[in-house]
Amino acid sequence: MSEPAKKIPEQKAAIRAWLLPIVAMVILLMMVAWMAGLFDEKVQPGLNDPITNGVDRSDVVVVKAQALTIYEPVPASVEAKFATLISSRLLARITDVHARAGDSVKAGQVLVSLEKSDLLAKTEQAKENSRAVEARLTEAKQNLKRIEKLNEQRLVALADLDKARANEAALMAELALAKQQEQEAGTALSYTDIRSPIDGRLVDRFAEPGDTATPGTPLLSLYNPLSLRIETHVREQLALSLEIGQALDVNIPSLNKQVAAVIEEIVPAADTGSRSFLVKARIDYQESLLPGMYARVLIPSRVENTIIIPKNRVVQAGQLDLVWVEQDDHVYRRYIRLGKTFNSDNADEVETVEVLAGLSEGDRLLPPPL
């Protein structure tokens, strides 16, 4: 075989050796270009009008900013305006306790009974002493009458008449003292029955039968459930804007309810530690409220212009909230961030929601597509 004929297969092999990598490189570059979208139709930047079908463009709500009062929740507690600690005036042994924690009691009802045998004896002694003085006074009066008659007949000396009158006056004073001692003994005896000073509810009892009651030591704790109120410490910037008679809303988290309160007292001195004022507000009686419950008082702090829209214009897609906005005769879908929801007491009114971001005043809202 000639020399040129031998070189042809070698040339073909060399061409194939170079051609395969080049083809592979071209294919790879085309795939990269395809994945980059170089062969797709180019779309100019801007907002699409993806949804026009099913949107009622005649039902438009123009977004307006509304003045919204911002409330600051302040920790508070439920307290009883009329609460008392019941104690004994005597040093005596407790014989019986007639009520337990949670019982409702009436004013004048006996709650604790103390041992009274020695006081009964003193009371009887005082009564007997009064009767003895009364008998002596009766005798002295009769004797005075006899001496006055004899004096009229000039049969007794004037000194005897004066002595009889003095004896009567002394016995009258002694009888008055005996009566006071009798009353004092009766009063001391009445202290053996410790009674409720008010209509109320028993919070706790600190003594049991057999214990010794000492003057000033609490035996029972009592409060009037009709006198509950809210007490809270409000920072001075907020407290200075409050007024007596101002209405406030109060949340009771444990009961999941909100009650109305009216400020009845603002202590006119700030706490130097917390720089806050003690505010007391009365509330209406509710059986479920108990002293010591945690509460939150909503105090107005400032007014902000806030965008509020009907909640039925919002569609939730996963964790995102969407609305449909009409702009330049086109319909656009827009993502928004929502805040507080406002529930209306009127069933005919539409529920509204606060928009924190995504809408501006003047935007035209459309209902969601069907």
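How many helices and strands does the secondary structure of the chain come to? There are four helices and 20 strands. This is a predicted model, and the exercises below walk through it piece by piece.

**Exercise 1. Get an overview of the chain.**
Task: find what share of the residues is buried, and how the contacts and the surface are made up.

Solution.
- Step 1: The chain has 370 residues, and buried ones make up 29% of them.
- Step 2: Take the contacts between residues at least 6 apart in sequence; 72% of these join residues at least 24 apart.
- Step 3: Turn to the accessible surface, which comes to about 24100 Å². Carbon and sulfur atoms account for 53% of that area.

**Exercise 2. Examine a nonpolar patch.**
Task: name the residues that make a nonpolar surface patch of about 460 Å², and place Leu19 in the secondary structure.

Solution.
- Step 1: The patch is made by Ile15, Leu19, Val23, Ile27 and Met31.
- Step 2: Leu19 sits in helix α1, which covers residues 3-35.
- Step 3: Check the exposure of Leu19. A patch residue needs over 30% relative accessible area. Leu19 has 46% and is partly exposed.

**Exercise 3. Follow two salt bridges across the sequence.**
Task: for Asp193 with Lys116, and for Glu134 with Lys179, give the N to O distance and say which parts are tied together.

Solution.
- Step 1: Recall the principle: side chains of opposite charge can pair when their charged atoms come close. The cut-off here is 4 Å between a side-chain nitrogen of Lys or Arg and a carboxyl oxygen of Asp or Glu. The count comes to 12 salt bridges.
- Step 2: Asp193 and Lys116 meet at 3.4 Å, N to O. Asp193 belongs to strand β7 (residues 193-195), while Lys116 is in the loop between β6 (110-114) and α2 (117-152), so the pair ties together parts 77 residues apart in sequence.
- Step 3: Look at how accessible these two partners are. Asp193 is partly exposed at 22%, and Lys116 is partly exposed at 28%.
- Step 4: Glu134 and Lys179 meet at 3.0 Å, N to O. Because Glu134 lies in helix α2 and Lys179 in helix α3 (residues 158-190), this pair ties together parts 45 residues apart in sequence.
- Step 5: Glu134 has a relative accessibility of 32% and counts as partly exposed. Lys179 is also partly exposed, with 39%.

**Exercise 4. Look between helices at Ser130.**
Task: decide whether Ser130 is buried or exposed, and list its contacts beyond four places in sequence.

Solution.
- Step 1: Ser130 is in helix α2.
- Step 2: The relative accessibility of Ser130 is 2%, so Ser130 counts as buried.
- Step 3: Leaving aside neighbours within four places, Ser130 is in contact with Leu175, Ala178, Lys179 and Glu182. One of these, Lys179, is the salt-bridge partner of Glu134.

**Exercise 5. Trace a salt-bridge network.**
Task: identify the residues linked with Arg229, and state whether Arg229 is buried or exposed.

Solution.
- Step 1: Arg229 forms a salt bridge with Glu231, the closest N and O atoms being 3.2 Å apart.
- Step 2: Glu264 joins Arg229 and Glu231 in a network of salt bridges.
- Step 3: Arg229 counts as buried, at 9% relative accessibility.

**Exercise 6. Map the surroundings of Ile336.**
Task: locate Ile336 and describe what surrounds it.

Solution.
- Step 1: Ile336 is found in strand β18, residues 330-342.
- Step 2: With 9% relative accessibility, Ile336 counts as buried.
- Step 3: Beyond four places in sequence, its contacts are Ile309, Val314, Asp321, Val323, Val355, Ala357, Gly358 and Leu359.
- Step 4: Ile336 and Leu359 are 23 residues apart along the chain, and their C-alpha atoms are separated by 6.9 Å.

**Exercise 7. Describe the empty spaces.**
Task: give the volume and lining of the largest pocket and of the largest cavity.

Solution.
- Step 1: The largest pocket has a volume of about 340 Å³. Its lining includes Leu68, Tyr71, Asp249, Gln258, Lys340 and Glu354.
- Step 2: β2 (65-80), β12 (247-252) and β18 each give two or more residues to this lining. The largest share, five residues, comes from β2.
- Step 3: There is one cavity of 30 Å³ or more, and the largest cavity has a volume of about 30 Å³.
- Step 4: Ile230, Thr232, Leu248, Val250, Ala261, Val279, Ala281 and Val297 line the largest cavity. At least two lining residues come from each of β11 (228-235), β12 and β14 (276-283).

Terms used
Residues numbered from 1 in each chain as written. Predicted model: local features only at pLDDT ≥ 70, side-chain atom pairs only at ≥ 80, totals over all residues. Heavy atoms only, no water. Patch = residues over 30% accessible without salt bridge, like charges linked within 9 Å, V, L, I, M, F, W, Y side chains within 5 Å. Areas by Shrake-Rupley, 256 points an atom, 1.4 Å probe, with all protein chains shown as cover. Buried < 20%, exposed > 50% of the residue type's maximum accessible area, 1.4 Å probe, protein only. Contact = heavy atoms within 4.5 Å. 1 Å grid on protein atoms, 1.4 Å probe; cavity = no way out; pocket = protein on both sides within 12 Å on 5 of 7 lines; lining within 4 Å. Points joined across faces, edges and corners; volume = space filled by probe spheres on them.
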